[in-house]
Every structure is written in structure tokens, then in C-alpha cells.
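Got your viewer open? Here's a short walk through the structure, one selection at a time.

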Amino acid sequence: MAQVQVKLEHVTKRFVTKTLGDIVAVDDFNFEVYEGECFSILGPSGCGKTTALRMIAGFEDLTEGEIHLGGRPVSSSKRNLYVPPEERDLGMVFQAFAVWPHKNVFENVAYPLRIKKVQRSEIERRVKEALHHTSLTGLEKTYPSDLSGGQQQRIALARSIVTNPKVMLLDEPLSNLDPHLRETMRFELKELQSKFGFTIIFVTHDQSEAMALSDRMLVADMGKIMQIDTPENLYNRPINRFVHSFLGESTFLNVVIKDGKVYAKGDMEHPLDLEAPPNAEPEMIMATRPNAIELTAEKGYRTHVQTRIFLTDRTEYVVPIGDQTLKVQTPHRITFSQGESCSVRFVEPMWYPVEDADAEKERQRRQLI
Ligand code: ADP
Ligand code: MG
């Protein structure tokens, strides 16, 4: 078993605002990140990602709880303990390119070593190495304003690895880059990690980025941890409607369950070809993926094709079901024409309680503050 590198215990952060009331930015976070792991914190804007990362870094104190790095407590509300950021052995890259415009590339990267009063020759050696690993060799004397966004973000990356930290904290470091560059940098980040073996905590609102990079991910909503697991398990077994909709495309159907039969809301005459789940409630949400619904000419819920769209890699159909419509994606070889009758079948759907209407309001409030 790998060693625990970062540990959060009941970590909570409450902000008090003048106009919008109190906000619990991070609400009882508990998790562990292992040595050498790439761990992502994923969630919509306002869910508490940056606040969590800033507390780990030591830029923000905790309202409650305790944080351990490498087995030693660095922040604790109870013990009134607070180790400053520069003593936490961390590398950091944030969303905004935090490079100094008046320092050249070499001095930008050398800065953390100068603060630590590292010897001149050692600084030379380590900056050279960091620049080499981030493909910036030859640009030592250049100023950031003469470089592209991608190169500037590489400076930030070089500066974060130059101290050879145990843990790298990355807050949406790629989101200001164009899509092509983002993919390249994603790859380079993985390369750097395998070379240096540091632990990564990566914050993003971009699910595909998190999935491509992470060993495990934490999905947060409204300051709370929803689920922590591997990308694959999160995709295949999302614990609630929110996680389901946040990872990949979702199809939700409002259903009524009566006498062990499942009906699409709005049609109590024709049950769906499905067994009710063990903990059935009278009304539920049935969740599936558009590409996991079968469109057949045979057994299933009878309906017809309302719309058909031929896309490059799949065909997309919209079919009415009860008082709702359903999006279905099939391979091209399955062909139904517009208006044609067909059946839909659901394969191993997930079942969730009906979400309370206040959740969406609270998510929006958190984005306004
Ligand atoms: P994310 O990074 O996931 O977008 P943040 O951690 O930045 O979210 O913010 C979480 C919530 O806390 C948001 O509602 C945000 O407005 C609020 N918040 C963050 N920092 C402060 C602060 N210094 N004062 C008041 N509210 C804050
Ligand atoms: Mg943020």
C-alpha cells in the first residue's frame, strides 16, 4: 500500500459575506491522497475547489479540521497550528499565469531557490534542469511578454518543479490555453510526474481533463464531497444524479413505480420493460447514458422516431416517452427513419431520488458570491 501524502480531516471553511450571507465554501472534507498519485478535485464553479487547494497550500486557514502533509500536521484549528506555505514542500501552478513580467525566464524559475538561499552554482544547475524538462532551454534571457501563453504556463510549471517538491498543487492550470496546447501540456504533465514521482492534486471543472489525468477523482458539489473513486467507477456507478450528469452525457427519465412496475411519467398504461429497483420510491429518476439505450424493432416500450440526426460517429434519435422525450445514440448500422415506430429498452439504469428544487438555486448563489 502506498503511503499517505496528503490527508484532510473534517476540513471546513466558512466565509462571511456582507451581502450574500454566510457561505460554507468547503464542508467537512475528508480524504487521503497517496504518494505518486494523481488526484483530481472536480466540480462546477463555486463548489469549493480553489478554497480546498488554498487550505492545503497554506494560503487560507481552516474554520475547522486538520490537514497533514507527509504524515505531519500542517494546519489544525484545534491545535491552533499553521505551517506557512514556503515550509510545506509544495509546488503550485494556478490558473492565471503567475509569472513576473519584470523578471526574465531564468529569474522567474530561480525565484523559489533564491528565497531558500540555495547556492549560486546549485541554482544554475537546477534551473537548467527545470527548463530542460519544460522545453524552455534557450529562453533563459527572454521576458514573459515575448512568449506565448503556453510558454508562460511552462515557466510557472518549471518554477513549481525547480524545488523538487513532494506534492504539486494545480488549480485549473490549463484552462487559459487553447485546446490543442491543453492536450500537449496534459501529456507533458504526466511525463514530468513519471520522471519526478511527485504527487499531484489537480483542480478542474473540466471532466474530460480530470478523467484523462487522474488515478482517482473527487467530485464536489456545493462545498460537499459527493464521491471519490477511479474515473471508470465514477462513470459507471455514479452515486447520485449530480455525479451522473457531471461525468459524460446523461439521460434522465422521471418514472412512477407502482405495484412493482416502472412507468415513464405521463404514461401509466404501458410499463417499461424493467424491474423496479430494490429501494423503490413512488417517484424516481431513472438515469442512463444516451449510448446505452437500445433502439429495436422488437420488445420494449413502443414509441416512434420524432427526430433523427446523422452525425459523423453515431446516429442520434429523439423519441417521445410518456410526457417526456429521450435522446438515444446508436451506431450507424442501427437505422430507423423519421416517424418510424420503434421500441426502446434500458440496460442496467441507475435509480435516484427526485432532486429537491433548491439545489440548483444554491449552486447559482455560490457562483455569484
Ligand atoms: P471553485 O474554485 O470551485 O470555483 P471556490 O473555492 O473559489 O470555488 O469558492 C467556493 C465558494 O466560496 C464560492 O461561493 C465563492 O464565491 C466563495 N468564496 C471563495 N473565497 C471567498 C472569500 N474570500 N470570501 C467570501 N466568499 C468566498
Ligand atoms: Mg476555482
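Which atom of ligand 1 does a backbone N or O atom of Gly-46 lie 2.7 Å from? Keep in mind that you're looking at a predicted model, then select ligand 1 and Gly-46 together: the partner is an oxygen atom of the ligand.

Next, add Thr-50. Here the side chain does the work of reaching out: one of its N or O atoms is 2.8 Å from an oxygen atom of ligand 1. Now bring in Arg-366, and look at its backbone rather than its side chain, since a polar backbone atom there sits 2.7 Å from an oxygen atom of ligand 1. Turn on a surface at this point: on its own, ligand 1 has 560 Å² of accessible area, and the protein covers 73% of that.

Time to widen the selection. There are 14 residues around ligand 1, and those that come nearest are Gly-46, Lys-49, Thr-50, Thr-51 and Arg-366. Colour the shell by residue class and you'll get 6 nonpolar, 6 polar and 2 charged.

Switch to cartoon view to see where the shell comes from. Both β2 (22–34) and α1 (49–57) supply at least two residues each, with α1 giving the most, at 3 residues.

Last stop: leave the ligand and select residues 105–115, which form helix α2, plus residues 120–133, which form helix α3. The two pack with their axes 10 Å apart, at an angle of about 125°. That angle is why α2 counts as oblique to α3. Rotate the pair to check the handedness of the crossing: α2 and α3 cross in a right-handed way.

Notes:
Residues are numbered from 1 along each chain as its sequence is written. Chains are lettered from A and ligands numbered from 1 in the order in which they are written. This is a predicted model: local features need pLDDT of at least 70, side-chain atom pairs count only at pLDDT 80 or more; totals for chains, interfaces and linings use all residues. Side-chain values use heavy atoms; hydrogens and water are left out. A residue is near a molecule or strand if one of its heavy atoms lies within 4 Å of it. A polar contact is a pair of N or O atoms within 3.5 Å; within protein, one must be able to donate a hydrogen and the other to accept it, and residues adjacent in sequence count only if both atoms are side-chain atoms. Accessible areas come from the Shrake-Rupley method with a 1.4 Å probe; for residues, only the protein chains shown count as cover. Helices (H or I, at least four residues) and strands (E, at least two) are DSSP runs, numbered from the N terminus. Ala, Val, Leu, Ile, Met, Phe, Trp, Tyr, Cys and Pro count as nonpolar, Asp, Glu, Lys and Arg as charged, and the others, Gly among them, as polar. Axes are lines fitted to C-alpha atoms, for helices over the stretch in contact, and angles run from 0 to 180 degrees between N-to-C directions. Angles under 35 degrees count as roughly parallel, over 145 as roughly antiparallel, 65 to 115 as roughly perpendicular and the rest as oblique. A crossing is left-handed if the near helix is turned anticlockwise from the far one by less than a right angle, and right-handed if clockwise.
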